[in-house]
Amino acid sequence: MSTTIPILLFAGLADRIGSASLAFPVPALPLTAGELKQKLSDTYPDAAQQIAVSFVAINQEYALEDQLIQAGDEVALIPPVSGGDGAGEQPPKSAQSPDGTCLITSEKLSVEDTLAKVHDANHGATLSFIGTTREMTGEQRTVTLEYEAYIPMALKELQQICRNISNQWPGTLCAISHRIGTVDIGETSVVIAVSSPHRNDCYEASRYAIEQLKRTVPIWKKEIWDDGSEWKGPQTGPWDPTARL
């Protein structure tokens with residue numbers, strides 16, 4: 001007897017399939033993440049190339065190809081990330097991690113509020129990385145950016161980045177705020193605040209945070225131009241968010 005799996009879709013993959021969610025029929029459960037991708041590719045051949053480079057997430061965690069999907073699991077298909085299209089149901093205005101260090105919001109970001117989360121009287125170094133929308137990339141003029149996020153999983157991944165920083169550079173604090181929705185030219189899309197007793201750790205941790213964010217956090221960016229638009233993913237190399245740095 002067949003059953004159905006609810007599947008969440010995002011960014012260009014949702015555009016190609018034509019829906020942000022599916023009730024996808026399968027012969028039986030459990031089945032592996034790899035088997036699900038193959039069945040989706042067979043059903044949506046026009047999206048097969050995008051499905052092939054996407055990762056299945058099970059209960060807001062990236063899954064390996066042989067990981068089993070059980071009845072009741074929350075399943076999403078995550079295309080390559082780079083941190084959307086604002087169409088459809090609007091996301092909540094803001095959500096934050098349980099410890100308050102990580103924020104995803106459709107409202108304008110405050111650098112000061114993010115920095116305040118890492119203030120420590122015993123830290124001699126504090127850095128803020130601020131990502132903004134630039135107008136020109138070579139000869140291409142950007143009109144605006146739109147960001148989309150798988151919010152609960154994105155917050156988990158952001159919080160994991162902060163934990164990794166604390167483990168790799170003991171005593172270092174990190175807070176991350178990311179915008180979703182429309183982000184106009186000159187506006188801030190991401191703020192990463194880092195503080196540490198010493199400046200070298202601060203510099204290294206800040207660079208680690210933005211590189212890891214762009215690699216593992218399910219936030220997608222759509223560049224909108226005068227004459228079209230394009231979803232942006234990893235710029236170089238194969239994408240594997242399960243390979244932790």
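In this predicted model, the largest nonpolar core has 29 residues, and the members that touch the most others are Leu158, Ile161, Ile165, Cys174, Ile176, Ile192 and Leu213. Several elements build this core: E9, E12, helix H5 (151-168), strand E13 (173-179), E15 and helix H6 (199-216) each contribute at least two residues. The greatest contribution comes from H5, which gives 7 residues.

Isoleucine 192 shows what such a position looks like in detail. Leaving out residues up to four places away in sequence, isoleucine 192 touches Leu127, Ser128, Phe129, Cys174, Ala175, Ile176, Ala209, Ile210 and Leu213. Among these, Cys174, Ile176 and Leu213 are also listed with isoleucine 192 as core members that touch the most others.

A second core, separate from this one, holds 21 residues, including Leu9, Leu22, Leu40 and Val56. Leu22 also belongs to strand E2 (residues 21-26), where Leu22, Phe24 and Val26 form the covered face. The uncovered face of E2 consists of Ser21, Ala23 and Pro25. Strand E2 is paired with strand E1 (residues 3-8) in the antiparallel sense, over 6 bridges. Within this pairing, valine 26 of E2 is the bridge partner of threonine 3.

The two cores lead to the question of how the chain is divided. Domain 1 covers 3-78 and domain 2 covers 94-231. Their C-alpha centres are 28 Å apart. Across the boundary, 14 residues of domain 1 are in contact with 13 residues of domain 2.

Histidine 123 is found in the loop between H4 and strand E10 (125-132). Its relative accessible area is 15%, and histidine 123 therefore counts as buried, the limit being under 20%. What surrounds this side chain? Apart from neighbours within four places in sequence, histidine 123 is in contact with Val118, Gly171, Leu173, Ser195, Ser196 and Pro197. Two of the approaches involve backbone atoms and a polar atom of the histidine 123 side chain. The backbone oxygen of glycine 171 is 3.0 Å from such an atom, and the backbone nitrogen of serine 196 is 3.4 Å from one. Histidine 123 and serine 195 are separated by 72 residues in sequence, yet their C-alpha atoms are 6.3 Å apart in space.

The charged side chains remain. Side chains of opposite charge can pair when their charged atoms come close. The model has 6 salt bridges. One of them joins glutamate 187 and lysine 108, with 3.5 Å from N to O. This pair links parts of the chain 79 residues apart: glutamate 187 is in the loop between strand E14 (181-184) and strand E15 (188-196), and lysine 108 is in the loop between strand E9 (102-105) and helix H4 (111-116). The two partners differ in their exposure: glutamate 187 is buried at 18% relative accessibility, whereas lysine 108 is exposed at 65%.

Arginine 141 takes part in two salt bridges. With glutamate 135, the closest N and O atoms are 2.9 Å apart. Both of these residues are partly exposed, glutamate 135 with a relative accessible area of 34% and arginine 141 with 34% relative accessibility. The other partner of arginine 141 is aspartate 226, again at 2.9 Å from N to O. This second pair connects positions 85 residues apart, with arginine 141 in strand E12 (residues 140-149) and aspartate 226 in the loop between strand E16 (219-225) and strand E17 (228-232). Aspartate 226 has 62% relative accessibility and so counts as exposed, the limit being over 50%. Elsewhere, Lys108, Arg179 and Glu187 are joined into one network by salt bridges that share partners.

Note on methods
Residues are numbered from 1 along each chain as its sequence is written. This is a predicted model: local features need pLDDT of at least 70, side-chain atom pairs count only at pLDDT 80 or more; totals for chains, interfaces and linings use all residues. Side-chain values use heavy atoms; hydrogens and water are left out. A salt bridge is a side-chain nitrogen of Lys or Arg within 4 Å of a carboxyl oxygen of Asp or Glu. Helices (H or I, at least four residues) and strands (E, at least two) are DSSP runs, numbered from the N terminus. Buried means under 20% relative accessible area, exposed over 50%, partly exposed in between (1.4 Å probe, protein chains only). Two strands pair if DSSP finds at least two bridges between them. A nonpolar core is a set of buried Ala, Val, Leu, Ile, Met, Phe, Trp, Tyr and Cys residues joined through side-chain atoms within 4.5 Å. Contact means heavy atoms within 4.5 Å. A polar contact is a pair of N or O atoms within 3.5 Å; within protein, one must be able to donate a hydrogen and the other to accept it, and residues adjacent in sequence count only if both atoms are side-chain atoms. Domain bounds come from an automatic or database domain assignment.
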